[in-house]
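This briefing goes through selected local features of one model, grouped by topic. Cut-offs are given where each term comes up.

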Amino acid sequence: MKILIQNGRILDPSSKTDGIKDILVENGIIAAVEENISASADQIIDAKGYWVAPGLIDVHVHLREPGYEYKETIKTGSRAAAKGGFTTICCMPNTNPVVDNEILVEYIKMKAEREAIVNVLPIGSITKGQKGEELANIGKMAEAGICAISEDGKTVMNAGLLKKAMKYASMFNLPVLSHCEDITLVGGGVMNAGEMSERLGMKGIGADAEEVIVARDIILARNTGVKLHICHISTAGSVQLVREAKLRGEYVSAEVCPHHFSLTDEAVEGYDANTKMNPPLRSAKDVKSLKEGLKDHTIDIIATDHAPHHIDEKNCEYDRAAFGIVGLETALPLSITHLVEENILTPLELIEKMSTNPAKLLGIDKGSLQVGKTADITIIDPDETYEIDVNSFASKSKNSPFHGYRVKGKVKYTIVGGKMVFNNGELI
Amino acid sequence: MLKRKDILGIRDLTAEEILGILETAREMKEKIENKKAREKSLKNFSIVTLFYENSTRTKMSFALAGEYLGADVSDLGVATSSVNKGESLVDTGITLDQMGIDIMVIRHSMSGAANVLARNVKASVINAGDGVNEHPTQALLDLYTIYEKKKSFKDLKVAIIGDIIHSRVARSNVFGLTKLGANVVVGGPSTLISKNMEYLGAKVTMDIKEALKDADIVMGLRIQMERQKGGLFPDLREYRDLFGINEEMMKYAKLDALLMHPGPVNRGIELSTEIIDGSQSVINEQVKNGVAVRMALLHLLAEGRKNNEDIDSKWTHTRSFIQNRWDQRYIG
Ligand SMILES: [Zn+2]
Ligand SMILES: [Zn+2]
């Protein structure tokens, strides 16, 4: 299978390339990147006006399998990923059972091999059953092929145990992805604490609940040799903590989710639980800080925290509703709309945060369009303007606050290992 | 006539709408006292009360208000119905809708529950208290009581004292009173009050005397005993001595200040018995006014339902959206 992509704007952060060129894909690898390639091919794509980028990588996805297949499966989640331009996704371990041993890692890998249309990399839990009591089989899971460990959805509240996990994980060069939330400070909160929660009469989650743990984990990670990665950073204070740690030269990275820079807590007005997520939508001041953090590279990665939930878990009382929204199919357009269009990031920087940097964090040979690399490629029309329609999602769940939201930027083609999986708007 | 399907909170009512409701309540109050004046404007209307949280008084007040206007009022005994077997709020609402209920009155422990119900049903929804969010009918009866005695809200100083943080009554009153031109000061121990109340237009103070100083209205709030498990203050004795309102404290307020309380009162804790039964107290009057205000709301909503196409078209739009989502429940 040969694919020739002509006249696209090549955005390759790994070689700092931003220019019009052709790309030839042959036998699953990138065979040539040059001006005016003349070769016969099975498929020729006219990419004039489009961006051609290394396939997007999402380090933070919930696929819900095993255990919650009514929300999402490895199959449907991977299709949503392909539609969203992602060629590699990392799935969080908070399934049922929790991914805390190598057997479950093997199960996910086997299912993914059979049913997924993008690369799926499992993440193992930090503690057995995510109970926060004893270390999970981190070494055995590393052998079986996890890409990171995380207790996402929960925080390891026992600092001593987390420090042990960090030391232990560093042996296998596994990053620790940290969900930062001090449960003793959450106090039943369901949205950001502030003016809006006061107006709506809802229990708030203060910035302190997140920042206390961001600070703690940065301190704990020192001298352990671990790659600490802060998940879904949401407050101005957290951005500042990461910025200061980086200035001190500590090994820490951070991700932000598109919903956190696209919406503020004002979206909760009306009590639609599709605006309920963890961490919650924050204030306009926090949003501004997140954008500054992206601009000065305090924040390295854009991740979705794709969290599918059934409509029954969302069309109900806000307090009772599940936390989380789907994100795979809206991440790129929201990022283009709010970051590129607002001149926060250049197109090349955006791709760096959605592909090259995630690959670096995971230590995988991806996020590059250089000759010889695996042909994971995403082709994007940056100018197409449209309204998001949740009914068109490939994901099994439709829980998004962005229904009817106007955006710019659409994925046209997704190529995984040289194989076309999303072809001009159609899933293969 | 109200141009809205539901009464979910004071926050989204305009000053004009509030005054309209108070005027109607004045007419209704006569009907409570004079049986002959009771017209059956709600004949053939069916009302159901859905109380996920107990409150005998409020439920009774709504039931009587409905009956005085000739409506059929029933109570979905939440504790004994299918709701108790795990049926969702939305499903319960849709079921009642199918049975042809016109007005649903809901009390719920979670903020925004009335909004969720309203979005999913064709019936009009009245919020009878949701979580720590709003208690619009209580606030309207408080406003009516003030209006009757003081004739105007302009520049009145209203002091609300006590457990502000758990009080939907305080919140609804702040929304309403500030809209109508009164100045509201909320006071209580720092763990029972949030500085964020200032976003709503109230002044916040931990100094009870300052809050009471020259007040035209003193509103005590009920200490929610069941919500004190988290240890927000040491004990009731300390609370009474430091934050309770008694004759001494009332002297800081104006001589003609009114003493109000949403009831039921913990006698001798947030208010002393002497002032509850004293000449400034209008606590009993509030109960009667509660029925009048609820009659007014039922009357206005029913009128709106009889002949307002705006409500219908707005509803149809929402409904089709909900219907889509409802269909999705059975897909995939
Ligand atoms: Zn998380
Ligand atoms: Zn997550």
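In α2(B), the buried residues are Thr58(B), Ser61(B), Phe62(B), Ala63(B), Ala65(B), Gly66(B) and Tyr68(B); buried means under 20% relative accessible area, exposed over 50%, and partly exposed in between, with a 1.4 Å probe and protein chains only. The model is predicted, so local features need pLDDT of at least 70 and side-chain atom pairs count only at pLDDT 80 or more, while totals for chains, interfaces and linings use all residues. Residues are numbered from 1 along each chain as its sequence is written, chains are lettered from A and ligands numbered from 1 in the order in which they are written, and side-chain values use heavy atoms, with hydrogens and water left out.

**Helix α2 of chain B**

- Helix α2 of chain B covers residues 56-68; helices (H or I, at least four residues) and strands (E, at least two) are DSSP runs, numbered from the N terminus.
- The 13 residues of this helix reach 18 Å from the first C-alpha to the last, close to the 18 Å expected at 1.5 Å a residue; the expected span is 1.5 Å times one less than the number of residues.
- Gly70(B) follows α2(B) and has a positive phi, near 90 degrees.

**Zinc site in chain A**

- The zinc ion (ligand 1) has as protein donors Asp152(A) through OD, His179(A) through ND1 and His232(A) through NE2, at 2.0 to 2.1 Å; donors are N, O and S atoms within 2.8 Å of the metal (3.2 Å for Na, K and Ca), and water is not among the atoms, so sites may look incomplete.
- Along the chain, the donors of the zinc ion (ligand 1) follow the spacing D-x26-H-x52-H.
- Asp152(A) coordinates both the zinc ion (ligand 1) and the zinc ion (ligand 2), which are 3.5 Å apart.
- Asp152(A) and His179(A) link distant parts of the chain, 27 residues apart: Asp152(A) is in the loop between β9 (148-150) and α4 of chain A, and His179(A) is in the loop between β10 (176-178) and α5 (183-186) of chain A.
- Asp152(A) is buried at a relative accessible area of 2%, and His179(A) is buried at 4%.

**Aromatic pairs**

- The whole structure holds five aromatic pairs over all chains; rings of Phe, Tyr and Trp (its six-membered ring) pair if their centres lie within 6.5 Å, and planes under 30 degrees apart count as stacked, over 60 as edge-to-face and the rest as tilted.
- The ring centres of Tyr168(A) and Phe172(A) are 5.4 Å apart with planes at 65 degrees, so this pair is edge-to-face.
- Tyr168(A) is partly exposed at 34% relative accessible area, and Phe172(A) is partly exposed at 31%.
- The ring centres of Tyr239(B) and Phe243(B) are 5.6 Å apart with planes at 40 degrees, so this pair is tilted.
- Tyr239(B) and Phe243(B) are separated by about one helical turn because they are four residues apart in helix α8 (residues 236-243) of chain B.
- Tyr239(B) and Phe243(B) are both buried, and ring pairs link them with Phe233(B) into a cluster.

**Nonpolar surface patch**

- Tyr168(A), Met171(A) and Phe172(A) form a nonpolar patch on the surface, with about 290 Å² of accessible area together; accessible areas come from the Shrake-Rupley method with a 1.4 Å probe, and for residues only the protein chains shown count as cover.
- Patches are made of residues with over 30% relative accessible area and no salt bridge, joining like charges within 9 Å and nonpolar side chains (Val, Leu, Ile, Met, Phe, Trp, Tyr) within 5 Å.
- Tyr168(A) lies in helix α4 (residues 159-171) of chain A.

**Salt bridges**

- The count comes to 43 salt bridges over all chains, a salt bridge being a side-chain nitrogen of Lys or Arg within 4 Å of a carboxyl oxygen of Asp or Glu.
- Arg222(A) and Glu250(A) meet in a salt bridge at 2.8 Å, N to O.
- Arg222(A) lies in the loop between α7 (207-221) and β13 (228-230) of chain A and Glu250(A) in the loop between α8 (236-247) and β14 (252-256) of chain A, so their pair ties together parts 28 residues apart in sequence.
- Lys288(A) and Glu292(A) form a salt bridge whose closest N and O atoms are 3.3 Å apart; both lie in helix α10 (residues 284-295) of chain A, four residues or about one turn apart.
- Glu292(A) counts as partly exposed at 38% relative accessibility, and Lys288(A) as exposed at 54%.
- Asp256(B) forms a salt bridge with Lys150(B), with the closest N and O atoms 3.4 Å apart.
- Asp256(B) is in the loop between α9 (247-250) and β9 (258-260) of chain B and Lys150(B) in helix α5 (residues 136-150) of chain B, 106 residues apart.
- Glu65(A), Lys111(A) and Glu115(A) are joined into one network by salt bridges that share partners.
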